[in-house]
Amino acid sequence: MSLCSSPKGIVYYNPGGPRENPNLKTESRVFLSGQLRATRVVSTPFIPMPEDRKSPEARQQMSEIDRLRHSCAHVLATGILRIWPEAQFAAGPPVENGFYYDLEMDHHLSPADFDKIEAEMKKVVKENQPFEKIVLARQEALELAKEGRLGALGPRSSPSKFKLDILERIPDGEEISLYRNGDFTDLCAGPHVMRTGNVGAFKLTSIASAYYKGDANNPQLQRVYGTAFKTRAELDQYFQRLDEARKRDHRKLGRELELFHIDDEVGPGLVLWKPKGAIVRRELQSFISEELRQQGYTEVFTPHIGKLALFRTSGHYPYYSDSQFPPLIEPDTLAKLAQEGCSCADLSNRLKQGDIEGYLLKPMNCPMHIKIYASSPHSYRDLPIRLAEFGTVYRWEQSGELGGMTRVRGFTQDDAHIFCTEEQVLHEIQGCLQLVLKVLGTLGLGSYRVRIGLRDADSAKYVGTSEQWERAEASLRESVQALEVPFTEERGEAAFYGPKIDFVVKDVIGREWQLGTVQVDYNLPERFELTYVAPDNSMRRPVMIHRAPFGSLERFCGVLIEHFAGSFPLWLAPEQVRVLPISEKHLDYSRSILKLLLDQHIRATIDETSDKIGAKIRLAQLEKVPYMLVLGAREEQAGEIAVRSRKNGDEGALSASEFLKRIEMEVKERQRD
Ligand SMILES: [Zn+2]
Ligand SMILES: [Zn+2]
């Protein structure tokens, strides 16, 4: 979950917004988008930058698999040095699903080198060298680095420059250690597996470039990525999963199934929902709306732009200008400024200072919903007030970070804001969780976990009283516990304005996706001076809950496309039934069946081409149509239809009314395949 923090320490709720490690270089993003997309949504930073030196305590807690992978990085370095002894190594940490090692040398590595390097690595593994830890004084280590012996197989003519730099940055008093396997010696705090023979099954996966310490002013290094698992079978499974993930890539399926389009002339990160994708979105939206109505939400609509003044009060402007489209200015003001010869810099400053008023494409819906709440007086009897909107917001994302439906510049949140009393927070949170449970369960995303973000010990930076926080945190914990879903509590992960819950779901192939959040907020009611009349006639502040459990419709649909691999369940499928006449002799009968379906609001089409029936079936199957009705002489005579399902193939003959009854039930109950 990415929460932005401003110079003033304001942090705001940001589902559907940036989620990845901003330190990532474009190259590694390319790599990630090609191979590790499965994990990109999980918020743990999986590419620790070399400058993020882990504390000795954190290192000792390194998981078994990370030890193995990090040890494999040493084996990689050993292998590379046997071929290119002059290579200068920088950092080689484990990362999610693998490891890398950064190095500098004249030879420009390419995947064509992998066989050769892996062959050397296999020898090192076979030699089963013990990993030996050597603790030494700083001065001794410096000497070795100057002799080029760190990250090396022996002394060299040039010093181990990166190791020297790393060494110099190790704080005084921290233990300095080397790890040695065979001839290879590296500056390393460990830990490692016992022997090179323990690194299991490994494979090099890609090459990227990365600046030393992630800083573009530093030399550019070659980064070799690899992965390692305890067993060959696990390694194979990993690559099968990647392969499966590639087949399910929503960008690929979105194109093939004509669900959405992103057009450069419209603008990067701005999604065009094509007719078929629009059906999926509309069905999903109706489903969520139905559940919201049952839970006592009321739906509202708000404009896509609002005055800067509004976002000044909320704090979204100017503190987050970097992640927003620039303000819009009224034509008269603009003409006047032009006459005055106002420079761009002046304009920008005057907007920021509030000398000139303008409008902002809304980055969040909250201020608009707040204004709806504040538009009439409220008594405690009216609360909770639950305002829901599929609200479209705009954020300025760097163009290098845009991709498919999961990283966009305009998106529609399944947003809602609940205004309630302190005492109602628990019940409201439970309602949010039940909604998530229902929607995800229906979609077959029943396996998910919850992260509760709590404040840390430093309570000075939080708004709201200690008692309020304790109550809110207890409410979150209690509601999650009642659901009996796995959860973790993360101290210090709360926003400054209140604790929160994040949802991470697991799809059918075991990948985790972070969706939206539920956040308690004591800040905005304060900034907008919201009130309600309490039973004793005093004016009190309501508590606000922001919730967008599925993040955004773009993101959620992207996840669903991958989850279902494009084979949407009947109720979501853009085309539900395709009528396939065996020959043109059966066109009339086929059209009469089509009419029956359309009359019952089934999304059906007919394939009237002169193609052979086998080809028609193949095409419908390829387009992932849930049901195909094959109609020929036999069916016409019997007044029946031969049903084929996408999943089971031939399902035999039925009367049209039996078939209709069956699929109506399937749609109504929102069954899955
Ligand atoms: Zn090491
Ligand atoms: Zn909000």
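## Close-up views of a predicted three-domain chain

**View 1. The buried residues of helix α20 pack against three strands, β25 (577–581), β27 (627–631) and β28 (640–645).** In this predicted model, helix α20 spans residues 613–622, and its buried residues are K616, I617 and A620. These residues cover an arc of only 100° around the helix axis, which puts them on the same side of α20. An α-helix has 3.6 residues a turn, so residues three or four places apart point the same way. On the other side of α20, by contrast, G614, R618 and L622 are exposed. Just after the helix comes K624, whose phi is positive, at about 60°.

**View 2. The chain as a whole is assigned three domains, namely domain 1 (48–246), domain 2 (263–561) and domain 3 (577–668).** The centres of domain 1 and domain 2, taken over C-alpha atoms, are 42 Å apart, and the C-alpha atoms of the chain fill a box of roughly 85 × 75 × 60 Å along the principal axes. The secondary structure of the chain comprises 22 helices and 29 strands, and 41% of its 673 residues count as buried. Among the contacts with a separation of 6 or more, 72% link residues that are 24 or more positions apart.

**View 3. The largest nonpolar core has 95 residues, and C557, V579, L580, M628 and L629 are those that touch the most other members.** Helix α15 (residues 425–442) supplies the largest share of this core, with 7 residues. Because domain 2 (263–561) and domain 3 (577–668) both give residues to the core, it lies between them. When its neighbours within four places in sequence are left aside, C557 is in contact with V280, R281, L284 and M405. A second core, separate from this one, has 45 residues, including L178, Y179, F202 and L221. In soluble globular proteins, nonpolar side chains tend to be buried together.

**View 4. An open sheet of 8 strands, with mixed pairing, follows the order β13-β16-β17-β24-β21-β20-β18-β19.** At the edges stand β13 (298–299) and β19 (487–491), each of which has a single partner strand, so one side of each is left without a neighbour in the sheet. Further into this order, strand β17 (residues 410–420) and strand β24 (residues 543–548) run antiparallel and are joined by 5 bridges. A416 has R547 as its bridge partner in β24.

**View 5. Strand β20 (residues 500–506) is mostly covered, with 5 of its 7 residues buried.** Strand β18 (residues 448–454) runs antiparallel to β20 and is joined to it by 6 bridges; the partner of R449 in β20 is V504. Strand β21 (residues 512–521) also runs antiparallel to β20, again with 6 bridges between the two, and here K500 has Q519 of β21 as its bridge partner. Strands β20 and β21 form a hairpin with 5 residues between them, and in the turn G510 has a positive phi of about 85°.

Note on methods
Residues are numbered from 1 along each chain as its sequence is written. Chains are lettered from A and ligands numbered from 1 in the order in which they are written. This is a predicted model: local features need pLDDT of at least 70, side-chain atom pairs count only at pLDDT 80 or more; totals for chains, interfaces and linings use all residues. Two strands pair if DSSP finds at least two bridges between them. Helices (H or I, at least four residues) and strands (E, at least two) are DSSP runs, numbered from the N terminus. Domain bounds come from an automatic or database domain assignment. A residue is buried if 20 or more other C-beta atoms lie within 10 Å of its own, exposed if 12 or fewer, and partly exposed in between; C-beta atoms are placed from the backbone. Two residues are in contact if their C-beta atoms, placed from the backbone, lie within 7 Å. The arc is that of the directions from the helix axis to the C-beta atoms. A nonpolar core is a set of buried Ala, Val, Leu, Ile, Met, Phe, Trp, Tyr and Cys residues joined through C-beta atoms within 7 Å.
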